[in-house]
Amino acid sequence: MIYISEPVIDACGQYLGYVGGTIYPKEQNFISQLLSSQYGYQDNYMYVLDSQQRIIFHPDPSRIGDSAVGNTGLNTLMNEPYGNLRLVDTKGIDSLAGFSKISAPNWVVVSQQPTKQLLDQASNLLYKVILAMLFFYAFVFFVIWRFSYLIAQPLSDLADSASQLNQPDAKKNIRKIRPWYFEVAQFKKALLSSANHFEQRVEELNVIVKTDPLTGFYNRRGMQMYLESFEKQQTNFAILAIDIDHFKTINDHYGHAEDDRVLQHIARQIQEQCRDQDICCRIGGDEFIVLLPNASYSLAHKVASRILQNRTQDKIEGIGQVTVSIGIANWPTHHQSIDQTLQLADQLLYQAKADGRNCIR
């Protein structure tokens, strides 16, 4: 039994008596109402020591009244107002404890838990925290990787397209790229502009490489391109081999500037007498080739006749009448080889010159 008393003093300080009460620790009392009377989570429990180092409250009623002598932390528990420590209790159990002293009765309230259970709990908690952190960082890494991919992918696609501007479908590939932020949209716009400029410059270079700068007709390279296309597609065509009569005499009398004017004048009139689909070429100084796709021999002869008649009736200012001689051949009617057909047209041209010029053979 525990007996507690408190003196009663009046306002003048006179002792009037005392108020006392008894506590039966092994029965229900105010201490057991304030403190848990059951072992808690992971064997955590609370107990109370009096000033005589005796246990006056414990979840195990059989321990009430026992002496705490043998507890390795007893000296600290009795002499410090509050704190925490690691101790071995009277049953030899390694424990972690927190304590606080009630000054009036000089009691010590101790919250104690076996170290092993606590460390096991901490280890489990640590593993859970590590797993949670690993999952969190994996999720963050995935989000960052995905976001980085979404940022970098259109840039990578545009960079690949920039290295392939010479490909025929470069602009089509660039247009397929879908930018989703401003910088990529601007990059795409600039790249399309560069592709357009590049395509335009390539086209200009192709025209320069394949055309005669003086007359605007195709040169030998341009003519060869069409011949290969006709052969590949098996398109029959007629050939007009045209040569200006006595051109050297014009050069000797009037000089190179007038030569150029004559060539331009005759080239323009040859173009006027041909169909839109006919291919006009200048392959030498004063020699022209006209390719007439899907043209019969009779149609080719009509075109040649118009050119010849025009030259007979027309006079060039300052020079006079300038005639031409024309040879006609047809592929594959005259020969299976395009080169042989060209040679035949050339031979017929020279035959026209040998027959007096200003005629068709």
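The following exchange asks why certain labels apply in this predicted model.

Local features need pLDDT of at least 70 and side-chain atom pairs pLDDT 80 or more, while totals for chains, interfaces and linings use all residues. Residues are numbered from 1 along each chain as its sequence is written, and side-chain values use heavy atoms, without hydrogens and water.

User: Why is M78 called buried or exposed?

Analyst: Buried means under 20% relative accessible area, exposed over 50%, and partly exposed in between (1.4 Å probe, protein chains only). M78 has 13%, so M78 is buried. M78 lies in helix α2, residues 74-79. Helices are DSSP runs of H or I with at least four residues, strands are runs of E with at least two, and both are numbered from the N terminus.

User: What separates the C-alpha atoms of M78 and F99?

Analyst: The distance is 9.8 Å. Along the chain, M78 and F99 are 21 residues apart.

User: What makes F147 buried, exposed or partly exposed?

Analyst: The relative accessibility of F147 is 45%, so F147 counts as partly exposed. F147 sits in helix α3, residues 115-162.

User: Which residues form the nonpolar patch on the surface?

Analyst: F135, F139, F141, F142, V143, W145, F147, Y149, L150 and W180 form the patch. Their accessible area together is about 1,100 Å², by the Shrake-Rupley method with a 1.4 Å probe, where for residues only the protein chains shown count as cover. Patch residues have over 30% relative accessible area and no salt bridge; nonpolar side chains (Val, Leu, Ile, Met, Phe, Trp, Tyr) are joined within 5 Å, like charges within 9 Å. A salt bridge is a side-chain nitrogen of Lys or Arg within 4 Å of a carboxyl oxygen of Asp or Glu.

User: Why are α7 and α8 called oblique?

Analyst: Angles under 35 degrees count as roughly parallel, over 145 as roughly antiparallel, 65 to 115 as roughly perpendicular, and the rest as oblique. The axes of α7 (residues 247-273) and α8 (residues 297-313) cross at roughly 140° and come within 9 Å. The two helices are therefore oblique to each other.

User: What is notable about phi of N106?

Analyst: Most residues other than glycine have a negative phi. N106 is not a glycine, yet its phi is positive, about 60°. N106 is in the loop between β6 (94-102) and β7 (107-114). At 31% relative accessible area, N106 is partly exposed.

User: How do you know which kind of peptide bond joins W331 and P332?

Analyst: Omega is about 5°, and the bond is cis. Most peptide bonds are trans. P332 is in the loop between β13 (324-331) and α9 (338-354).

Definitions and conventions. Axes fitted to C-alpha atoms, helices over the stretch in contact; angles between N-to-C directions.
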